[in-house]
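Reader: I should like to learn how to read the features of a protein model, one at a time. Please give me the general idea first and then the case at hand.

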Amino acid sequence: MIGNMGRHKKRFGQHFLHDQHVLQQITAAINPQAHETIIEIGPGAGALTRHLLPNLNQLTVIELDRDLVPGLNKLAASSDCELAIINQDVLEVDFKTLVPATNSLLRIVGNLPYNISTPVIFKCLESSDIIQEMIFLLQKEVVDRLTAAPGNKSYGRLSVMTQYHCQTEYLLDVSPEAFTPPPRVDSALVKLKPHDTPLDLLEHKTLQTVVRNAFSQRRKTITNSLKTLISISEIEALKINPKLRPEQLSVEQFVDLSNHVSTTKNVD
Ligand code: SAM
């Protein structure tokens with residue numbers, strides 16, 4: 001094991017996986033292929049990294065904690081795979097610089113620090129044109145929200161904004177005992193795959209505004225919560241029932257509302 005295993009830094013969300021069965025399940029879900037461009041966020045002490053390395057020619061890891069870098073360097077020295085270690089905050093890394101000369105798309109994986117998982121996901125969504133797929137271990141509640149369908153109590157802003165960009169798939173549950181130290185919440189593995197053909201959207205920022213307003217008061221009808229943006233007759237003209245509440249609308253319907261607002265209002 002890499003040094004420093006005994007001291008876990010809470011501020012970096014360090015919960016290291018030790019359950020080999022779970023690590024094998026995650027590796028099987030990732031199914032790494034030698035030629036792929038895989039980026040692992042938050043390798044920590046290398047629990048998942050050492051499962052990925054034997055299958056790959058090249059792997060890039062992004063780890064913020066510099067105390068973990070010597071251990072990762074040792075891991076690199078003992079492997080035939082070329083391991084590139086970026087000692088930086090993932091939120092500051094420009095993913096475009098990680099796209100290889102062959103222009104192949106990125107597969108981004110990781111047992112994410114739960115305190116920054118939503119910003120990491122939003123950052124990835126912004127780069128969805130250069131990403132083939134993401135497989136993340138996250139707080140179960142977040143995975144529920146990412147994968148929720150309309151009508152589900154977890155369906156909300158995160159579901160709509162993620163599903164506009166990606167197909168989402170709930171892969172498996174991971175219990176707290178699989179980690180050292182165990183987190184206080186359940187975890188789950190999720191796959192996010194950017195759509196080959198995204199829905200036609202005129203303005204991303206308008207979709208953000210519409211979705212934010214709609215879900216700001218979940219129990220209000222969309223007529224009520226969107227009244228500054230769109231009228232009841234305009235909603236009806238889009239063939240959407242104006243009495244619906246936001247959790248009853250599909251992603252396509254949010255895109256229709258947003259495209260209409262884009263043509264009639266100047267949204268900041
Ligand atoms: N992959 C390891 C495992 O499964 O045992 C560690 C996972 S641990 C939940 C999250 C890792 O992300 C930690 O190693 C932590 O230091 C690192 N980390 C935290 N914040 C980060 C950030 N902003 N950028 C990059 N890495 C970060």
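The dialogue below takes up helices, cores, aromatic rings and backbone geometry in turn.

Reader: What kind of model is this, and how are its residues numbered?

Author: This is a predicted model, in which local features need pLDDT of at least 70 and side-chain atom pairs count only at pLDDT 80 or more, while totals for chains, interfaces and linings use all residues. Residues are numbered from 1 along each chain as its sequence is written, and side-chain values use heavy atoms, with hydrogens and water left out.

Reader: Which residues of helix α1 are buried?

Author: An α-helix has 3.6 residues a turn, so residues three or four places apart point the same way. Helices here are DSSP runs of H or I with at least four residues, strands are runs of E with at least two, and both are numbered from the N terminus. Buried means under 20% relative accessible area, exposed over 50%, and partly exposed in between, with a 1.4 Å probe and protein chains only. In α1, residues 20-30, the buried residues are Val-22, Leu-23, Ile-26, Thr-27 and Ile-30. Viewed down the axis of α1, they fall within an arc of 135 degrees (taken from the directions from the helix axis to the C-beta atoms), so they line one face of the helix. His-21 and Ala-28 are exposed on the other side of α1.

Reader: What is found at the start of α1, and what just after it?

Author: At the start of α1, a side-chain oxygen of Asp-19 comes within 2.9 Å of the backbone nitrogen of His-21. Just after α1, Asn-31 has a positive phi of about 50 degrees.

Reader: Which residues of α3 are buried, and what covers them?

Author: In α3, residues 69-77, Val-69, Gly-71, Leu-72, Leu-75 and Ala-76 are buried. Their arc around the axis is only 160 degrees, which puts them on the same side of α3. The covering of these buried residues includes α2 (49-52) and β4. Lys-74 and Ala-77 are exposed, on the face of α3 turned away from its buried side.

Reader: How many residues does the largest nonpolar core have?

Author: A nonpolar core is a set of buried Ala, Val, Leu, Ile, Met, Phe, Trp, Tyr and Cys residues joined through side-chain atoms within 4.5 Å. The largest one has 28 residues, and Phe-95, Ile-108, Phe-136 and Leu-138 have the most contacts inside it. Two or more residues come from each of β2, β5 (106-111), α4 (117-126), β6 (131-139), α5 and β9 (187-194). A second, separate core has 27 residues, among them Val-22, Ile-30, Leu-137 and Leu-172.

Reader: Is Glu-36, in the loop between α1 and β2, buried or exposed?

Author: Glu-36 counts as buried because its relative accessibility is 14%. Contact means heavy atoms within 4.5 Å. Leaving out residues up to four places away in sequence, Glu-36 touches Asn-31, Gln-58 and Arg-107.

Reader: How many aromatic pairs are there, and which residues do they link?

Author: A pair of aromatic rings is described by the distance of the centres and the angle of the planes. Rings of Phe, Tyr and Trp (its six-membered ring) pair if their centres lie within 6.5 Å; planes under 30 degrees apart count as stacked, over 60 as edge-to-face and the rest as tilted. The whole structure holds 2 aromatic pairs. Tyr-155 and Phe-215 form an edge-to-face pair, 6.3 Å centre to centre with 75 degrees between the planes. This pair links distant parts of the chain, 60 residues apart: Tyr-155 lies in the loop between α5 (140-147) and α6 (157-165), and Phe-215 in helix α7 (residues 204-216). Both Tyr-155 and Phe-215 are buried. Ring pairs join Tyr-155, Phe-215 and Phe-254 into a cluster.

Reader: Which backbone angles call for attention?

Author: Most residues other than glycine have a negative phi, and most peptide bonds are trans. Asn-31 is not a glycine, yet has a positive phi of about 50 degrees; at 45% relative accessibility, Asn-31 counts as partly exposed. Asn-103, likewise not a glycine, has a positive phi of about 65 degrees. Asn-103 lies in the loop between β4 (82-86) and β5 and counts as exposed, at 60% relative accessibility. The peptide bond from Thr-180 to Pro-181 is cis, with omega near -15 degrees, and Pro-181 lies in the loop between β8 (179-180) and β9.

Definitions and conventions: A polar contact is a pair of N or O atoms within 3.5 Å; within protein, one must be able to donate a hydrogen and the other to accept it, and residues adjacent in sequence count only if both atoms are side-chain atoms.
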